[in-house]
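Visitor: I'm new to reading protein models. Could you take me through this one and show me where the labels come from?

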Amino acid sequence: MFRKLPASLTPTEESPGLRVKGGTKYSRSQGDYVCGGCGAEDHANGDTDVKALVDDYTANHGPAHRGGRR
Ligand SMILES: [Zn+2]
């Protein structure tokens with residue numbers, strides 16, 4: 001069953017997760033997450049910051065809340 005995708009790509013408490021939008025020649029990449037595990041959220045702009053945000057989410061949030069690690 002598919003949920004209707006939100007018009008905005010920004011994650012919300014109702015729809016937690018990690019969203020990354022690649023930059024173009026005219027815009028910087030953007031990243032946002034809302035963690036479904038602990039409710040933390042963060043936002044970043046620019047390749048370097050977005051990469052750090054993805055690493056943070058992957059290492060500390062989202063899937064990291066499941067399984068043995070926390
Ligand atoms: Zn978390």
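Visitor: Which element has the lowest mean pLDDT, and which the highest?

Guide: Strand β1 has the lowest mean at 94, and β3 has the highest at 97. The pLDDT is the predictor's confidence in each residue, on a scale from 0 to 100. Over the protein it averages 86, and 81% of the residues score at least 70. This is a predicted model, so local features need a pLDDT of at least 70 and side-chain atom pairs count only at 80 or more, while totals for chains, interfaces and linings use all residues. Residues are numbered from 1 along each chain as its sequence is written.

Visitor: What makes something count as an element here, and how many helices and strands are there?

Guide: Elements are DSSP runs numbered from the N terminus: helices are H or I runs of at least four residues, and strands are E runs of at least two. The protein has one helix and three strands, and from the N terminus on they run β-β-β-α.

Visitor: How do you know that β1 and β2 pair?

Guide: Two strands pair if DSSP finds at least two bridges between them. Strand β1 (residues 17–21) and β2 are joined by five bridges, in the antiparallel sense, so they pass that test. For instance, K21 has Q30 of β2 as its bridge partner, and V20 stands opposite G31 in β2.

Visitor: And what joins β2 to β3?

Guide: Five bridges again, with β3 covering residues 41–45 and the two strands running antiparallel. Here G31 stands opposite A44, and V34 has E41 as its bridge partner. Six residues lie between the strands in this hairpin, where G39 takes a positive phi near 85°.

Visitor: Which strands are called edge strands?

Guide: The three strands form an open, antiparallel sheet in the order β1-β2-β3. The edge strands are β1 and β3, since each pairs on one side only. On average, neighbouring strands are turned by 5° against each other, direction ignored. Helix α1 (residues 47–60) packs on this sheet, touching β1, β2 and β3, and its direction makes about 155° with that of β3. For such angles, axes are lines fitted to C-alpha atoms (for helices, over the stretch in contact), and the angles run from 0 to 180 degrees between N-to-C directions.

Visitor: Why is β2 called largely enclosed?

Guide: Because four of its five residues (30–34) are buried. A residue is buried if 20 or more other C-beta atoms lie within 10 Å of its own, exposed if 12 or fewer do, and partly exposed in between, with C-beta atoms placed from the backbone. Of the protein's 70 residues, 16% count as buried.

Visitor: Why is Q30 called buried, exposed or partly exposed?

Guide: Q30 is in strand β2. It has 19 C-beta neighbours inside 10 Å, so it counts as partly exposed. Try A64, in the segment after α1, too: A64 has 17 such neighbours, so it also falls in the partly exposed class.

Visitor: What does Q30 touch?

Guide: Leaving out residues up to four places away in sequence, Q30 touches K21, N45 and V50. Touching means that the C-beta atoms, placed from the backbone, lie within 7 Å. The C-alpha atoms of Q30 and V50 are 6.3 Å apart, although 20 residues separate the two along the chain.

Visitor: What makes a group of residues a nonpolar core?

Guide: It has to be a set of buried Ala, Val, Leu, Ile, Met, Phe, Trp, Tyr and Cys residues joined through C-beta atoms within 7 Å. The largest one has seven residues: Y33, V34, C35, A44, V50, L53 and Y57. Both β2 and α1 supply at least two of them, and α1 gives the most, with three. In soluble globular proteins, nonpolar side chains tend to be buried together.

Visitor: Which residues does L53 touch?

Guide: L53 touches G31, Y33, D42 and A44, again not counting residues up to four places away in sequence.

Conventions: Two residues are in contact if their C-beta atoms, placed from the backbone, lie within 7 Å.
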